[in-house]
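The following exercises concern helix packing, backbone geometry and residue burial. Please examine the sequence and the model before turning to each worked solution.

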Amino acid sequence: MPKTSARLLSLLSLLQARRDWPGALLAERLGISQRTVRRDVDRLRELGYPIVAFKGPDGGYRLEAGSELPPLLFDDEQAVALAVALQIATTTGAGIEEAAARALTTVRQVMPARLRRRIDTLQVTAVERPASRPDPQVDSSVLMTLSAVVHAREVLRFDYAPASPPGIGDDDPAATPPRRVQPHRLVTWGGRWYLVAWDLDREAWRTFRADRITPRTPTGPRFTPRELPGGDVAAFVAGRFRGSDGSGDWPCRGEVILGLPAAAVSRYTRDGAVEELGPNRCRLVLGSWSWPGLAAAIGGFDADIEVVGPAELKDAFALLARRYANAATGAVPPA
């Protein structure tokens, strides 16, 4: 049986990992009797940890949130995960960079020297991907408001700023009525935050950029959540950023056979289907915004290509062939 101090740390780590723990399962995980579990729980209570017991067939224990914060316990994996998460906070677009740096400093100060040294050796430089324009930052208070209405299932009213500053002759944004939505989920995509919601006035599902949202108060009445098309928020959002017709698929999708092993192609195919046809032959189904864009993406595999269909994809390859030939010879294409 482990020593009492080590056993208490193990027990506390388990209680922090999930909400409810049946007493029998705790005893099994720790290799002790349920009577010893009860004594150890009492010791943790004396140290200030608000552990409550619940009754029932699988009666057990729960670590409640208290008015005071007892010492936190992090194992090595949790310490590393926390350090990484806080150091890459600059790429979240949530406007919490300074707060994340303070949090890392605070947590580091209360950690044992062993874990502190391990965190200090983990220096991560968060480098955002190059972009034609920087991703907009979202006020953390806006994110908290959006999260709250999603959780409470309350109708939200908000002003929605235009994508770009209004020009001469454009409508005054202040004169635009507020949007009314039933918020469903707050998500991130490509470094930006979006609210997925049912638009009550347009009677359709919409995605709204959080950096353009200015919530209005008070919030509206509670509502019964609707079922999101497809049931999966990740698939729904991905579909919204493909075609504009709301079908959830790319506007252009084609099929080819490549002279490469399927394993080599699948490593570089995030949103396509790859089927092995032989040692150095595979079928690829891929989508894109345009037929020339799709042909160019397939050409990047540097392999023999057989177009299965459709005809628009073949025409796109012919168009690119003419463009590349002109570029190679310096010929000026006809106006």
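Helix 1 and helix 3 are roughly perpendicular to each other, a class that covers angles of 65 to 115 degrees, whereas angles under 35 count as roughly parallel, those over 145 as roughly antiparallel and the rest as oblique. The model is a predicted one, in which local features need pLDDT of at least 70, side-chain atom pairs count only at pLDDT 80 or more, and totals for chains, interfaces and linings use all residues. Residues are numbered from 1 along each chain as its sequence is written, and side-chain values use heavy atoms, with hydrogens and water left out.

**Exercise 1.** Derive the class of the packing of helix 1 with helix 3, and describe the contact.

Solution. Begin with the elements: helices (H or I, at least four residues) and strands (E, at least two) are DSSP runs, numbered from the N terminus. Next, take the geometry. Two packed helices are described by the angle between their axes and the distance between the axes. The axes of helix 1 and helix 3 cross at roughly 85 degrees and come within 10 Å; such axes are lines fitted to C-alpha atoms, for helices over the stretch in contact, and the angles run from 0 to 180 degrees between N-to-C directions. The pair is therefore classed as roughly perpendicular. Then list the contact (heavy atoms within 4.5 Å). Helix 1 contributes Thr-4, Arg-7, Leu-8, Leu-11, Leu-12 and Leu-15, and helix 3 contributes Thr-36, Asp-40, Val-41, Arg-43 and Leu-44. Finally, sort these residues: 6 are nonpolar, 2 polar and 3 charged. In this scheme Ala, Val, Leu, Ile, Met, Phe, Trp, Tyr, Cys and Pro count as nonpolar, Asp, Glu, Lys and Arg as charged, and the others, Gly among them, as polar.

**Exercise 2.** Determine how helix 1 is oriented to helix 2, and which residues meet.

Solution. Helix 1 spans residues 4–17 and helix 2 residues 23–30; their axes lie 11 Å apart, at an angle of about 130 degrees. The two helices are therefore oblique to each other. On the side of helix 1, Ser-10, Leu-11, Leu-14 and Leu-15 take part, and they meet Leu-26, Arg-29 and Leu-30 of helix 2. By class, this contact holds 5 nonpolar residues, 1 polar and 1 charged.

**Exercise 3.** Carry out the analysis for helix 10 and helix 11.

Solution. Helix 10 (residues 291–299) packs on helix 11 at an angle of about 75 degrees, the axes being 8 Å apart. This pair is therefore roughly perpendicular. From helix 10, Trp-291, Pro-292, Leu-294, Ala-295, Ala-296 and Ile-298 meet Glu-312, Leu-313, Ala-316, Phe-317, Leu-319, Leu-320 and Tyr-324 of helix 11. The contact residues divide into 12 nonpolar, no polar and 1 charged.

**Exercise 4.** Locate the backbone features that depart from the usual pattern.

Solution. The reference is as follows: most residues other than glycine have a negative phi, and most peptide bonds are trans. First, consider the cis bonds. Thr-217 and Pro-218 are joined by a cis peptide bond with omega near 0 degrees, and Pro-218 sits in the loop between strand 8 (213–216) and helix 8 (233–240). The bond from Gly-309 to Pro-310 is also cis, with omega about 0 degrees; Pro-310 belongs to the loop between strand 12 (305–309) and helix 11 (311–329). Second, consider positive phi. Arg-153, a residue other than glycine, has phi near 55 degrees and is placed in the loop between helix 7 (140–152) and strand 4 (156–160). Glu-203 has a positive phi of about 50 degrees and lies in the loop between strand 6 (192–199) and strand 7 (204–209).

**Exercise 5.** Is each of Arg-153, Glu-203, Ser-288 and Cys-252 buried, partly exposed or exposed?

Solution. Apply the cut-offs: buried means under 20% relative accessible area, exposed over 50%, and partly exposed in between (1.4 Å probe, protein chains only). Arg-153, at 40%, is partly exposed, while Glu-203, at 60%, is exposed. Ser-288, in strand 11 (residues 281–288), has 14% and is buried. Leaving aside neighbours within four places in sequence, Ser-288 contacts Trp-250, Pro-251, Cys-252, Gly-293 and Leu-294. Of these partners, Cys-252 is buried at 7%. Cys-282 is likewise buried, at 0%. To finish, a search of the whole structure for disulfides (pairs of cysteine sulfur atoms within 2.5 Å) finds 0.
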